[in-house]
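Colleague: Could you take me through one part of this model closely, strand by strand? I'd like to hear how the pairing is laid out.

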Amino acid sequence: SPIVNLIGDHATWHLDADPPLASDIESLARPVSAWVRKSRSGEAIAGDLAEAIATASVKPGRIATLILPHDCQLEAVTLGAGETGEMKAIVSPPHVSDDAIKLAAEALRSGRDAQTVALFLGAYALRERGLKAVARIAAATSCKLMCESFPARWERGLGRPVIERLPYFPEQAIAALSPYQSIVLAGARSPVSFFGYPGVPSYFISPGQNTVTLASPEEDVEAALEALAEALGAPVYAETNFNLQPPQLRTGKLTPETLSAVVASLLPENAIVMDESNTSMGPFLAMSQSAPRHTVLTQPGGAIGLGLPCATGAAIACPDRTIINLQADGSAMYTVQALWTQAREQLNVKTVICNNRSYRILGIELGRAGVKEFGKQAQNLIRLNNPSIDWVSISKGLGVPAVRVETAEDLARELERALVTQGPQLIEAVL
């Protein structure tokens, strides 16, 4: 996402006094920013801000940080006509070379009959324009379509190509990619493991496989995919995934399967789904491939706690769309105050808290590290009980109506009700 951070700082003449709130803001901002600047005068602020916005707006989205000393903010400024609010042109992402398109076309042609080529997608390849070209390419070559484990934004559902998401754990990811002799990267980097495991490769694509980069995330992947479709002689339009196939509603105790099926079957047209369910709703993305058209957002950086504020931001950006936040309980504890913002702004966010009363991923990772039995202290670090978190009380206390459900039937009833009720709603789904 394009983000501009405006950070206030002490007056320049006050910094030498080393006041209690002084910090090296530039050093803090630089590792997470593509552009950092401190304005040196009041007259420089307008131009600095215009440059920050233009820098942040370059696809696929950057972070620009502008630091504003207090004395510069207070400085009396006289600008000439037309100087205030004058925006800078946004630089287009670089086009890919003809050689990159040629190499990708050759790789896709080579596996046309044996289906030994995968097209691996990320960034703007998963937006509407990119997906139209992807459907054409798949129709011409029968290549396997895959995408990153955590795409930032993914347009999905009826009329959009069915794409397999790369599994999270390295053994499963390597197994998913290993059948393909060639892998064409379109808007994605070569996938790597989140953590280093002894005896497991960092990269999921082996040196023996042919890796072709059509476009990096920073390049114009949409135009590259369109050029690739033309080079392959692909049809001008390829109809794909045209049958609505939502899963059947399930009954009984809530599990990752029944929970996923209920949400996928009730997904409204044009919804935005912020998926930070983590270990609680693994089947959801596969179940919703042929649901009504919708957008999925995930946490690409892997830092838990993004779900609630991201759903809040999506509701502000798209007030005419229904937002569904599939939210793990442990992750929600990092940013629960977003519920108060949803209530204050009456945002149309429907939050499903997947309450398994644990940081289950930590238990899985401990098991992967060879721990066979968890001692009392390890269990205390993983479990979210003693006391158990009462999400209904927390949500109501922050102004968002809430209910608790323990069966698939109850979830279906409450989710249907929430979807036709304007404003924020929370459902605590106990697994």
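Modeller: Strand β5, residues 144-147, runs parallel to β7, and the two are joined over two bridges. Keep in mind that this is a predicted model. At the end of β5, Cys147 sits opposite Arg165 of β7. Zooming out a bit, that pair belongs to an open sheet of five strands, ordered β7-β5-β4-β8-β9, with parallel pairing. Its edges are β7 (164-165) and β9 (210-215), each of which pairs on one side only.

Cys147 also turns up when you go looking for disulfides, and the structure has zero of them. A disulfide here needs two cysteine sulfur atoms within 2.5 Å. For Cys143, the closest cysteine sulfur is the one in Cys147, but that is 13 Å away, so the gap is too far for a bond. Cys143 itself is buried, at a relative accessible area of 10%. It's a similar story for Cys310: its closest cysteine sulfur belongs to Cys318, and 11 Å is too far for a bond.

For context, there's also an open sheet of three strands, in the order β1-β3-β2, and the pairing there is parallel. β1 (3-9) and β2 (35-38) are the edge strands with a single partner each, so one side of each has no neighbour in the sheet. On average, neighbouring strands of this sheet are turned by 15° against each other, ignoring direction. β2 meets strand β3 (residues 63-69) in the parallel sense over four bridges, and Trp35 has Ala64 in β3 as its bridge partner.

Conventions: Residues are numbered from 1 along each chain as its sequence is written. This is a predicted model: local features need pLDDT of at least 70, side-chain atom pairs count only at pLDDT 80 or more; totals for chains, interfaces and linings use all residues. Side-chain values use heavy atoms; hydrogens and water are left out. Two strands pair if DSSP finds at least two bridges between them. Axes are lines fitted to C-alpha atoms, for helices over the stretch in contact, and angles run from 0 to 180 degrees between N-to-C directions. Buried means under 20% relative accessible area, exposed over 50%, partly exposed in between (1.4 Å probe, protein chains only).
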